[in-house]
Amino acid sequence: MRIDWKQYDPGDFYDEVISSPGQPRAAARGLANYLKSLSDQQLARRQRAADLAIEEMGVTFTVYSEGENIDRAWPFDIIPRVIAIKEWQQIEAGLKQRITALNLFIEDIYNAKRIIKDKIFPEAMLAGSKNYLPQCEGVSPRFGVWAHICGSDLVRDRDGTVYVLEDNLRVPSGVSYMIENRSVAKRVFPELFRRQTILPVDDYPAALFDMLAALSPRPLDYPEIVVLTPGIYNSAYFEHAYLAQQMGAELVEGSDLVVCNDDCVYMRTIDGLQRVDVIYRRVNDEFIDPEAFREDSVLGCPGLLRAWRAGNVALANAPGCGVADDKVVYTYVPDFIRYYLDEEPILANVPSYRCEDAGARDYVLANLKDLVVKPANESGGYGMLVGPQSTAKEREKFAGLIQRRPRNYIAQPTLALSTAPTVVGRHLEPRHLDLRPFILSAQDVYVTAGGLTRVALRKGSLVVNSSQGGGSKDTWVLDGGGRR
Amino acid sequence: MLSRVAERLYWMARYIERTENTARLLNAYNLLMLDLPKGVGLSWSQLVDLSGGHDDFAARYRSANERNTQGFMLSDKENSSSIIASVSLARENVRTTRDIVPSEAFEGVNELLLFVRRRLASRSSRQHAYDFLSQIVQRCQGITGMLAGTMSHDAAYQFVRIGRNLERADMTTRILDVGSATLIASDAERERLEHRLWTWLLGALSAHQMYRQTVRRQVTAPVAAGFLLHDSLFPRAVLHSLGQIRACLKSLPRNTSAVRALGRVERRVRDTDIHEIFPARFHAFIDEVQVDLGGIHDSVQRTWFEPRARG
C-alpha cells in the first residue's frame, strides 16, 4: 500500500508537509509526490538501508547506564523536514539579529553595564544568575564576541509561527549529527537531490575552522586550534572527535594542557610543549579551570582563565557567556534587540511570565495546570514542570518553589509543536519536532542552512532529546520551493 | 602527536604483550610441574614470584597451592599482571585511543576481553586451561599482527612497538630467572633435571625449535641462557627486542636520554659472558638487567609522556 496523504492526519497540529488532508505545502510538494510513488515495502527498505549506513559510519551517541557506557546508534528518520528558502531567509536574518544582540549584551554586562544604567535590565538579575562570572569582568574578547557558537532551539506553534524556545550559548551539541544526517539522506534519496536544489550543510566544519582561526591571538597562517573534550564518557564525545577530525585539529583533554609561567597555554606532545592559540572547549565553565572555578575539576586545566584574561589564548565560547543562556534573561532578549540594535525582533520569543513580577506570578500560580514552568539555569529539560501532564502534588511543590525563589522561574504556555511525517513500521505517521540551527560568530555571522531537526519518536510525545527516545531528521532548505 | 595518546598506545601494547606472555608462562609452567618430580625445589609459589606479585599474594592468600596461584594469575582483578587485569587494561587503553587505532584492532581487543570473561566465568576453564591459554596467545598474536599490518608505521606505531618489545624483554628476563633456582637433588640427578628445566624455559618462550636450528647443541643452562639473551634474530631474545626498540627510538624526536638508557642495557647484556656468571651470579645479573629495562621505561615516560617546560 502506498501512502495516501488524505489518510495522513496530524489532527489540529501544524504539519510541515501537508497544509490540509491531501494537500502538500508548496515547498514539500516534490517530497510528498515522491513518497507517494514508493510502496510500503520500498519505504521500509530505505529506512533499513539508512539504519545500516548509520551503523557502518559509526554514528553514535553515548548513554551511561548500569555502570557502563554504551554507544548507541544515532536514531534517524529518513523523511526529511523541508523548509522553503524564503521562510528560511527570514529565520536566518532573525537568528543573526538575535546573536548579535546577545553578544552585545554579554560584552556590555561584563564591562560598561550600560543596559543596567539605562534601566532596561535590572541589576538584581545578575546577583541571582548562576552563570554570571565576576572573574570575566573587564575582559573584551576579539570582535567583542563571546558566544562564538550558538545552537538556538526553534519550534513552530499551531498557527505556524516560529518561536525561539531557547538560545544555547554554553556548549551546544548536535551539529555533527546534522552533517551525518545529510550524508545518509543523500544515499537514501539521491533522486530528490538531483531534481531539487537543496542547500548544502557540509561546509560547517570549514566555517567553524575559519571562525576559530580568526580568534587566534597570534597572527599565524596556521594557528594551533584544539578541541577540548571532557573525554570518552561524555555523551557528545562522538561529536568532539568528529569535529576535531574534520577540522584537522587536535582533540585534547584537560590533562593534555598546561599553563606555564608566561600565562600561555601549551599542550603536551611527543615533540615537547606546543603553544595553543585557540581552544574550542566542550567543557562547561565551572570545570574548565580548577584554579578559577571548581577546585575538584579534573576535566579542565589550571590557569586557563588566567591565560584567557591575559589575551594569550582564545576560548570559544568565552567563559561567562552562559549569563545570556538563562531562562529569565531569555525573556529580555527582545528588549536587547531594541536597545542595542534599534530594531524590532524578527523572530518571536515564546510569550513568557517572569515569576519575579508580582502580577505575572499570581497569574502563573493560578494557571499552573496550563503552563510550562522552567528554572532559570538548567538545560536539557531538568527541573521543569509541564502543567498539562503534572499531578496535583507536583504543582503544589512548584508553587512552593516559585514563591520561595521567584527569580529562578519563568512560565510559558504549552506550545503545540508542529508535526512531520515519520516512518513508523512500514507507514508514515505525524510526530512532533523542533529545529536547532547553529550560528557561528566572529567578525561575521554564519548560520547553517537549516540545522538539526529533532523528532519525538513516541506517539504524541513532545520530548525530542535523543537520550529520551528522540530521533532526528535531515533538514532541507529548498531553493525554488519545489517548482522545478 | 599528543603525549597522552602516545602513552595510551604504549600501555595498550604492553598489556597485550603481557597477556600473551602470561598465558604462555602459565601453560608452560603447568607442563613443567607435571614433569618435575616433587620436592626438587620448584613450587607453585615461584610462579607468583616470577610475575613480581610475591608480596601482594602473601598478603591476600594463605597457601601457595596450585589453585590459589592459578587463580591469582588468571582471574584475580587486583593483581595487575593477571590475565584478566592485563586484558582489561589493554581494552581501556585502546578504547580511549579509538580514533588512532584501526577499528579491527580495537574490535580484536574488545573480543579478547569478552572471551576471557566468558571463559573465566564458566567452570570448565580449569579443565580446559591449555586450550583456553593457547587461544589467548593466538588472539594476542592476531591483534599484534593487525596493528602491524593495518596501522601506518608513524610515531604512534613506534610507541606500540616500544611497549611491546620492552614488555617482551622484561618477560624473557623473568622467565630466565626461573633457571637460577637451585635444584635440590643429587649431582647426577641435578644435571638431568637442569636439562629438563632449561628445555622448559625455551618452551615457555616458544624458543625451542629456533634454539635447535640456531645452536644445534644439547640444551645446557649457560648455552640456552646465552641464546635467550644474546641472539639478535630470535624475536623473544633480549638483544633482539632491544634492537627493535632502538629502531623505534631513532625515528622519534628528542630521543637522547632514551637512547642512552637503551645503550646501557645493550652493553650490559652484550658484554656479559654467561658461562662466567652461571650459576652463582646469574640471578644478580638478571636483576640488574631488569632494573636497566625499568630505566628505559622511565626515560620514555619522562621524555614523551610528561614533557615539561624547559628551565
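1. A cavity, as the word is used here, is a set of points where a 1.4 Å probe fits but cannot get out. In this model, which is predicted, a search of the whole structure finds four cavities of 30 Å³ or more, and the largest cavity holds about 80 Å³ of space.

2. The lining of the largest cavity is made up of A:Arg81, A:Ile83, A:Glu87, A:Ile91, A:Leu154, A:Val155, A:Arg156, A:Val162 and A:Leu435. Two or more of these residues come from each of strand S5 (76–84), helix H3 (85–109) and strand S6 (149–156) of chain A, and the largest share, three residues, belongs to S6(A). By character, the lining divides into six nonpolar residues, no polar ones and three charged ones.

3. Turning to the interface, chain A and chain B each bring 20 residues to the contact, and the area buried between them is about 1,600 Å², with carbon and sulfur atoms giving 50% of that area. On the side of chain B, the residues that lose the most area to chain A are B:Leu2, B:Arg4 and B:Arg95, which together account for 34% of what that side buries.

4. Between the two chains there are three salt bridges, and in a salt bridge the side chains of A:Asp256 and B:Arg4 meet at 2.6 Å, N to O. The count of residue pairs in polar contact between chain B and chain A, with both residues at pLDDT 80 or more, is eleven.

5. Helix H1 (3–35), helix H5 (83–95) and helix H8 (155–178) of chain B each give two or more residues to the side that touches chain A, and H1(B) provides the largest share, four residues. The residues on this side of chain B divide into ten nonpolar, two polar and eight charged.

Conventions: Residues are numbered from 1 along each chain as its sequence is written. Chains are lettered from A and ligands numbered from 1 in the order in which they are written. This is a predicted model: local features need pLDDT of at least 70, side-chain atom pairs count only at pLDDT 80 or more; totals for chains, interfaces and linings use all residues. Side-chain values use heavy atoms; hydrogens and water are left out. On a 1 Å grid over the protein atoms alone, a cavity is a set of points where a 1.4 Å probe fits but cannot get out, and a pocket is an open set with protein on both sides within 12 Å along at least five of seven lines; lining residues have an atom within 4 Å of a point. Grid points are joined across faces, edges and corners, and a volume is the space filled by probe spheres set on the points. Ala, Val, Leu, Ile, Met, Phe, Trp, Tyr, Cys and Pro count as nonpolar, Asp, Glu, Lys and Arg as charged, and the others, Gly among them, as polar. Contact means heavy atoms within 4.5 Å. Buried area is the accessible area (1.4 Å probe) that two parts lose on being put together, summed over both. A salt bridge is a side-chain nitrogen of Lys or Arg within 4 Å of a carboxyl oxygen of Asp or Glu. A polar contact is a pair of N or O atoms within 3.5 Å; within protein, one must be able to donate a hydrogen and the other to accept it, and residues adjacent in sequence count only if both atoms are side-chain atoms.
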